[in-house]
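Subject: Structure handover

Hello,

Here is the structure I promised to pass on. Please open it first, then read my notes alongside it.

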Amino acid sequence: EVIRGPASAVWGANAMTGVVNVITMSPRELAGGGGCSLTIGAGYFDRDATGVDNGTGALFYVNGSHAEAVNDRWSYKLSAGYFAQDPLPRPTGTIPNAFNTPYPPYTNAGTSQPKFDARVDYELANSGRLVFSGGVAGTEGIIQSGIGPFDINSGSRLTYFSGRYQQGSRHIGFFTNILNGDAENLLSRAASGAFLPLAFDTQTFDIEASDLRTFGTRHVVSFGGNFRHNSFDISIAPNGDNRNEGGAYVQDEIFLNDQFPWLVGGRLDKFSSIGNAVFSPRTTLMYKPSLNQTVRLSFNRAFRAPSFTNNNLDVVLLNQANLSAISPALSAFVFPFRAVGNTDLDQETLTAFEIGYTGVLMRRATVTAAVYWNSTDDAIFFTQSHRYTAANPPVTWPAAIPTVVLNLIPAPGLPSAFTYRNLGTVNDKGIELGVDGVVNRYLNVNLNYSYQADPDVEGFDPSETNFPANNRFNVGFNFNYERYLGNFNVSYTDDAYWQDVLDQRYAGVTEAFTLVNFGFGVKWMQDRMVTSLKVNNLLNNEVQQHIFGDIIKRQIVGEDRYTF
């Protein structure tokens, strides 16, 4: 399920703009549908782009699972998978901004990702259930970050284990995640001149409980809470090693009458890294003139806690500037700067208001419309905090050039240090419109459009924040007729401004793009096998979704899925 809008009132920190909650079938349910499945896919994608001639790249994946109900008490599921893909093409030339920064010429890397997962269920005599699951997943390849791309080395892995007790609406559970590995940055260099290394070893331990109660005929109250302990050993954030966080929530769905449901809730969270407890309220008043129509007026508040790196980063990196106006010898001047965390950061807070409508017309079309106003306060940004001056020149400054010229460089000057800060307020507003219609029992169509105005920034330079695409548009259909199934979709995204990699040298605007995707499949063996063809970016446009992102070209994948 996809839960849109700020959701900290139930989910806690970082549920700023929505939540994707993955709910899987139990082993017993899967066993009733056959119990075993195998999916195999392979394909290729174009890697020729402007200034780049890489030919084609390949991808391959396989996923399998087996579920079995041993008896009326025990059931289990085993699953495993593997995914591998060649690297995508990188953009070449210069980043479209005033600095004309060349794209770093590093060699892009592909990825390989094995995974294994197991789950065991035990049905209790009181209609409750015990569920235990665990798994491990590995990865390698490039991951983008605010200080540049990191090449994750083979052998990096995530291991998890969880257990929970369920009886009706009551839920008690715990989980632990263990992440470890190492990487090397491909853009940022340490003071030694070598690319910045990264080693990470983190553990998360969480226990949670929730329940739901009804009171009379007008109140459905849900409540719960959790406590989490995190331990960290991260080479680029050596100034801390742990964090504790806990919170509790209560929510009441009130039925004032048949036409006016009212949702009221709130959550209180305390982080060891934040001085005060954080309260996240939410309320939605709904008006239902009929069973098929709902008008809602909602208010939500969510927050993002400073990350461990925001608080504890401490590295010295090399920077480069063109100071040829001072001296031709400084056209590519390399100098160090320090990037440090900030333990005094407050949480970033999002306050959201929305007026929305959902209606079903003639039992064939679901229509949605919403207008929203969001305000983000104390937004956390990575910004310059100090500059080099004549009294404090960089160690690499040439002795032949007077240091007094450092004082003449226009603001913000030659940076000597960066840190994270809470900066001002960002106000967003926009509209969302959508139609999802049923033409007949075989064919569905969908259409949606969203407009988001340029943010209104208060208290700091607007170039410090991202500017999202103003317009997004999607239209498509899907069909399922006898043995045949398929889909077709066209989407358009406006240009967007991105500034979240290092400094302004790497900020820029991505071009608007259109994607055309389609898929077609055939069912065989009494629907136990489905063979399909999937094509993304049919028109083979050069699509760059982030100013520092890879180039996406046409991708064609064939897939077989077996159920037995």
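Start at threonine 283, whose side chain reaches the backbone oxygen of leucine 263 at 3.1 Å. The model is predicted, so treat every value here as computed from it. Threonine 283 also makes a polar contact of 2.8 Å with the side chain of tryptophan 262. You will find threonine 283 in strand S14, residues 278-290. Is threonine 283 buried or exposed, or something in between? It counts as partly exposed, because its relative accessibility is 23% and the partly exposed class runs between 20% and 50%.

Now look at what surrounds threonine 283. Leave aside its neighbours within four places in sequence. Its contacts are then Trp262, Leu263, Val264, Leu297, Ser298 and Phe299. Leucine 297 sits in strand S15, residues 293-304. Lysine 270 makes a useful check on distance. Threonine 283 and lysine 270 are 13 residues apart in sequence, and their C-alpha atoms are 21 Å apart in space.

Trp262 and Leu297 turn up again on the surface. Both belong to a nonpolar surface patch of about 940 Å². Its other members are Leu256, Leu285, Phe353, Ile355, Val371, Trp373, Ile431, Leu433 and Tyr451. Strands S18 (348-361), S19 and S20 (415-440) each supply at least two residues of this patch.

Strand S19 covers residues 365-387 and holds another threonine, number 383. Threonine 383 is buried, because its relative accessible area is 5%, under the 20% cut-off. Beyond four places in sequence, threonine 383 touches Ala417, Phe418, Thr419, Arg421, Leu423 and Glu464. Between S19 and S20 there is a loop, and proline 412 is in it. Check the peptide bond from alanine 411 to proline 412. It is cis, with omega near 5 degrees. That is worth a second look, because most peptide bonds are trans.

Next come the charged pairs. Side chains of opposite charge can pair when their charged atoms come close. How many salt bridges does a search of the whole structure find? The search finds 16. Here are some of them.

- Arginine 28 pairs with glutamate 123, with the closest N and O atoms 3.9 Å apart. This pair links distant parts of the chain: arginine 28 is in helix H2 (residues 27-32) and glutamate 123 is in strand S6 (residues 111-123), 95 residues apart. Arginine 28 is partly exposed at 26%, whereas glutamate 123 is buried at 15%.
- Arginine 129 also meets glutamate 123 in a salt bridge, at 3.1 Å from N to O. Arginine 129 is partly exposed, with a relative accessible area of 24%.
- Arginine 170 pairs with aspartate 211, and the closest N and O atoms are 3.4 Å apart. Arginine 170 is in strand S9 (residues 170-189) and aspartate 211 is in strand S10 (residues 195-215), so this pair links parts of the chain 41 residues apart. Arginine 170 is partly exposed at 32%, but aspartate 211 is buried at 9%.
- Arg4, Arg296, Glu354 and Glu432 are joined into one network by salt bridges that share partners.

Then follow the strands toward higher residue numbers. Strand S27 (residues 513-524) and strand S28 (residues 529-536) run antiparallel, joined by seven bridges. Glycine 519 stands opposite lysine 534 in S28. S27 and S28 form a hairpin with four residues between them. Methionine 525, in the turn, has a positive phi of about 50 degrees. S28 also pairs with strand S29 (residues 555-563), in the antiparallel sense, over eight bridges. Here valine 535 stands opposite isoleucine 556 in S29.

Two more backbone angles deserve a glance. Most residues other than glycine have a negative phi. Asparagine 540 has a positive phi, near 60 degrees. It is found in the loop between S28 and S29. Serine 127 has a positive phi too, about 70 degrees. That serine lies in the loop between S6 and strand S7 (129-143). Which of the two is buried, and which is exposed? Asparagine 540 counts as buried, at 19% relative accessibility. Serine 127 counts as exposed, at 66%.

Best wishes

Terms used
Residues are numbered from 1 along each chain as its sequence is written. This is a predicted model: local features need pLDDT of at least 70, side-chain atom pairs count only at pLDDT 80 or more; totals for chains, interfaces and linings use all residues. Side-chain values use heavy atoms; hydrogens and water are left out. A salt bridge is a side-chain nitrogen of Lys or Arg within 4 Å of a carboxyl oxygen of Asp or Glu. Buried means under 20% relative accessible area, exposed over 50%, partly exposed in between (1.4 Å probe, protein chains only). Contact means heavy atoms within 4.5 Å. A polar contact is a pair of N or O atoms within 3.5 Å; within protein, one must be able to donate a hydrogen and the other to accept it, and residues adjacent in sequence count only if both atoms are side-chain atoms. Two strands pair if DSSP finds at least two bridges between them. Patches are made of residues with over 30% relative accessible area and no salt bridge: like charges are joined within 9 Å, nonpolar side chains (Val, Leu, Ile, Met, Phe, Trp, Tyr) within 5 Å. Accessible areas come from the Shrake-Rupley method with a 1.4 Å probe; for residues, only the protein chains shown count as cover.
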